[in-house]
Amino acid sequence: MAETSKDGSLDNGVRVSGESEQKTSPPESPAVTWTRSWIIFAFWAIVACLGLPHWIWTTSIHRSDLPLDAMNSWADGQACQMKYPLKIKLDTTDDNEAVRSNKEEILTHLQSEFLLTNKLPLYEFSIAPSHFNESFGPEQETDGDLIIYVQNESKLPFQTSLRSLSPVMDVRANLREPQAAAHLIFEEILKNFADEQLSLSNLLSGSPFASGSEALLSPEQKAKLDARTTRAFKYASTYHLTFSLFSASSSPSAWDIDAAIERYISPLVGQLSAISRFSVDTQVQLHATFSPSIAGPQFDEASKKWKLLKTDLSGFINAAEWPLSPSIGTGPTINFVLYVPSKEQSPLEIAETGGTSWLIPQWGGVQILNPSNKQAKHLSSDDLEQVMLTFADQLTSLVGLPPSPSSLALRLSSMVRERATSLILASSSTLGALSRLTLKLTSIAIPDSVAEAVDETIGRLDQACVDLREGRFESALSNARIANDEVERAFFEPSMVGQVYFPDEHKVAVYVPLLGPMAVPLVMAGIKQLKNLRSGKVKSA
């Protein structure tokens, strides 16, 4: 007989069967199961066939192939050997048989001196006879880096002089003593190229292109060369010269600047035009006040002069009120400021030196012109003579023209070789930095424009190296400048620079909030459906 519980329900079997019927859901039909499976499969098919390829396509990074071996070769200094061949031509004023014989002996002794004495190891000298007339001028073309014009002089001591606008050294020597004359000429050649070798050695020493043949520099020499480099602008194909007149009062209000530039600046700019182009503009401003950042001139009772402290020179320019544009066009602007103080604050000079001019590194030069009693509202070309000569001297320093030798033509040639060398070193260093950047940051894009710029850079550097070895220094400078521009454009490519500062951690932080809420339901539904399918197969088995 069946037992009943306190609540009147049947015991054991009947009660257990009721609980089982409440917990078990009705079985699904096979059609519903397959429908759910197809829905989940459709979602995953869309993700795998459409979403994932689209995501890969939209987030893929294009990395053009770069010639890393060639880039590293230049960065390591293995692609080019820095040597500077110089052609020296020699001729005499007389052309008789005895003089021609003595000239040949001088050439022979000079060649022996260069072979036996390695005092200028960076250069490769070639000595050859030359034929030109005594009126050799800058307009006459020559294929020699230095022309030696020897005049037979047996009574006077040995003398040399350099022509300013031509690479010509005039020599007075006794041709009857060819060996002594050759030795003296050799010493003069060493003296004319000694400073340039120190400058080139300063550039090459410590760089991957150093060959060990560079001259050893004393600390004083290195400091002097570094100061000259710091003063000068970075080389550019175009410079803009701005001449400004700032008057503390209402006069002078005009100046004959066009005639002064034509007379004192244009000859120098004409010589420099073989290296860079120059544009000139002028301006005048009246009632110009000092910069508020300086204390201003102080009156010295002892000398009855106004003194400007040396510490105030760097802040003398009133950038807030003086219209001095830092850059016009693509090239750097070199500013030349002529300041005329008021009669109440004149004469004005620098307290420590007593001078009236100074140079601001990589900016320009300043000249103070104290007004005289006869000066009116107009400054003539003669009044500006000393001012423009000072500006011309400052211009040579600001463009990097070496201070020696005395010949402007030889100084220009030296600057061409120095600038070409520095640009080759800078381009090679940037190539190495770009190579290391692309290897270290594998997630940044390398557009085709970067690869094209790198190829152009390497091609220009190769040509510049060939030009150096063959003595075509101006062509080497031109190729090195283009190479430097191209490699800097490649290194600072905007698309690359932007991704340098977007690491993978940032990508995770962006994608997880977007994809997480969508991916979790899909993954859980897929796992649950696989379990259901697996359990159904087990039951059917």
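This is a short dialogue on reading helix packing and a cavity in a predicted model.

Me: What should I keep in mind about the numbering and the model?

Reply: Residues count from 1 along each chain as its sequence is written, and side-chain values use heavy atoms, leaving out hydrogens and water. The model is predicted, so local features need pLDDT of at least 70 and side-chain atom pairs count only at pLDDT 80 or more, while totals for chains, interfaces and linings use all residues.

Me: How do α7 and α9 cross?

Reply: Generally, two packed helices are described by the angle and the distance between their axes. Here the axes of helix α7 (residues 257–272) and helix α9 (residues 408–440) come within 10 Å and cross at roughly 45°. That makes α7 oblique to α9 (angles under 35 degrees are roughly parallel, over 145 roughly antiparallel, 65 to 115 roughly perpendicular, the rest oblique).

Me: Which residues make that contact?

Reply: With contact meaning heavy atoms within 4.5 Å, L268, Q271 and L272 of α7 meet L408, L412 and M415 of α9. By class, that's five nonpolar, one polar and no charged residues.

Me: And how much space lies in the largest cavity?

Reply: Rolling a probe the size of a water molecule over the atoms shows where empty space is left. On a 1 Å grid over the protein atoms alone, a cavity is a set of points where a 1.4 Å probe fits but cannot get out, and lining residues have an atom within 4 Å of a point. The largest one here holds about 50 Å³ of space.

Me: Which residues line the largest cavity?

Reply: Y235, Y239, L272, I275, S276, F278, V399, M415 and R419. L272 and M415 also take part in the contact between α7 and α9.

Methods: 1 Å grid on protein atoms, 1.4 Å probe; cavity = no way out; pocket = protein on both sides within 12 Å on 5 of 7 lines; lining within 4 Å. Points joined across faces, edges and corners; volume = space filled by probe spheres on them. Axes fitted to C-alpha atoms, helices over the stretch in contact; angles between N-to-C directions. Helix = DSSP H or I, 4+ residues; strand = E, 2+ residues; numbered from the N terminus. Nonpolar A, V, L, I, M, F, W, Y, C, P; charged D, E, K, R; others polar.
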